[in-house]
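Trainee: I would like to take a close look at a single part of this model and then see how that part sits in the rest of the chain. Could you take me through it slowly?

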Amino acid sequence: MDKLLKISRIIDSCTELIGRFTSWLVLVMVILGVWNVVGRYLGRITGNNFTSNAYIEAQWYIFDLVFLLGAAYTLKHNEHVRVDIFYSNWQRQRKAFADLLGTIFFLIPFCLIVIIFSWDAIAASWQIRELSSDPGGLPRYPIKAMIIISFILLIFQGISEAIKNLAILLGVTSHRQGRLETQEKDHDAGL
């Protein structure tokens, strides 16, 4: 179990790094959005073109990256939307069991299905080097590839969560799990 927990910590570290990088993309997206609005109005006043379809699409692409790359980070921090009428009152072991089953039977299979069914469309996009249909738009194939990358990251984080839940079920404790338990209590208390 110690080796599995070490693997889980490595995955968690990678997810944390990607998540923190992604959080900075939100700022870039907002700045780009503000520029798109300001540039449009300044362009009308001065008669110059300060914005373009490329800037607008870049804002969309950054939003895509935030959403896609942020999924694994959100899972790591247990912040996905959950209808927890029953779950919130369960004890830690029961929650771990439910989460383990959910990861094995729903999360990972769903991610695999998305990867399998999107593969051909993404490969075709790369083959033709798909471009935006808008004048001055950006290439579409790199952002489409992020679908596969994000679901692979989500699978890895799901594996990490499964390992941690298995450790809880087996009664394995470590310093890391103690921190997780504290975070869980803080989260439940609204801190």
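Trainee: Where does P135 lie?

Mentor: P135 lies in the loop between α3 and α4. Before going further, please keep in mind that this is a predicted model, in which local features need a pLDDT of at least 70 and side-chain atom pairs count only at pLDDT 80 or more, while totals for chains, interfaces and linings use all residues. Residues are numbered from 1 along each chain as its sequence is written, and side-chain values use heavy atoms, with hydrogens and water left out.

P135 is exposed, with a relative accessible area of 64%; here exposed stands for over 50% relative accessible area, buried for under 20%, and partly exposed for what falls in between, with a 1.4 Å probe and protein chains only. Although P135 and S52 are 83 residues apart along the chain, their C-alpha atoms are separated by 8.9 Å.

To place this loop, consider the whole chain, which has 5 helices and 0 strands, where helices are DSSP runs of H or I with at least four residues, strands are runs of E with at least two, and both are numbered from the N terminus. Along the sequence the pattern reads α-α-α-α-α. Of the 191 residues in the protein chain, 34% count as buried. Contacts are heavy atoms within 4.5 Å, and among those in the protein chain with a separation of 6 or more, residues 24 or more positions apart account for 73%.

On one side of the loop stands helix α3, which covers residues 92-127. Its 36 residues should span 52 Å at 1.5 Å a residue, and the end C-alpha atoms are 48 Å apart, which agrees; the expected span is 1.5 Å times one less than the number of residues. Even so, α3 bends by about 45° at W119, the bend being the angle between axes fitted to the seven residues ending there and the seven starting there. The buried residues of α3 include L100, I108, V114, I115 and I122. C111 is buried as well, at a relative accessible area of 0%, whereas C14 is partly exposed, at 43%. If we take a disulfide to be a pair of cysteine sulfur atoms within 2.5 Å, the count comes to 0 disulfides. Just after α3, R129 takes a positive phi of about 50°.

On the other side of the loop, α4 has 30 residues and reaches 44 Å from its first C-alpha to its last, close to the 44 Å expected at 1.5 Å a residue. I147 is found in helix α4 and, at 27% relative accessibility, counts as partly exposed. Leaving aside neighbours within four places in sequence, I147 is in contact with L68, V114, S118 and I122. For I147 and I122, which are 25 residues apart along the chain, the C-alpha atoms are separated by 8.6 Å. After α4 comes G171, whose phi is positive, near 75°.

Helix α4 also carries a charged pair, since K164 and E161 form a salt bridge with their closest N and O atoms 2.8 Å apart; the term covers a side-chain nitrogen of Lys or Arg within 4 Å of a carboxyl oxygen of Asp or Glu. K164 and E161 are separated by about one helical turn because they are 3 residues apart in α4, which covers residues 141-170. An α-helix has 3.6 residues a turn, so residues three or four places apart point the same way. Both K164 and E161 are buried, and they are linked with D12 in a network of salt bridges.

A search of the whole structure finds 6 salt bridges, and two others are worth following. R20 and E16 meet through their side chains at 3.0 Å, N to O; both lie in helix α1, residues 2-46, where they are 4 residues apart, about one turn of the helix. R20 counts as exposed at 53% relative accessibility, while E16 counts as buried at 14%. The side chain of E16 also meets that of K76 in a salt bridge, at 2.8 Å, N to O. This second pair links distant parts of the chain, with E16 in helix α1 and K76 in helix α2, residues 53-76, and their positions 60 residues apart. K76, for its part, is buried, with a relative accessible area of 16%.
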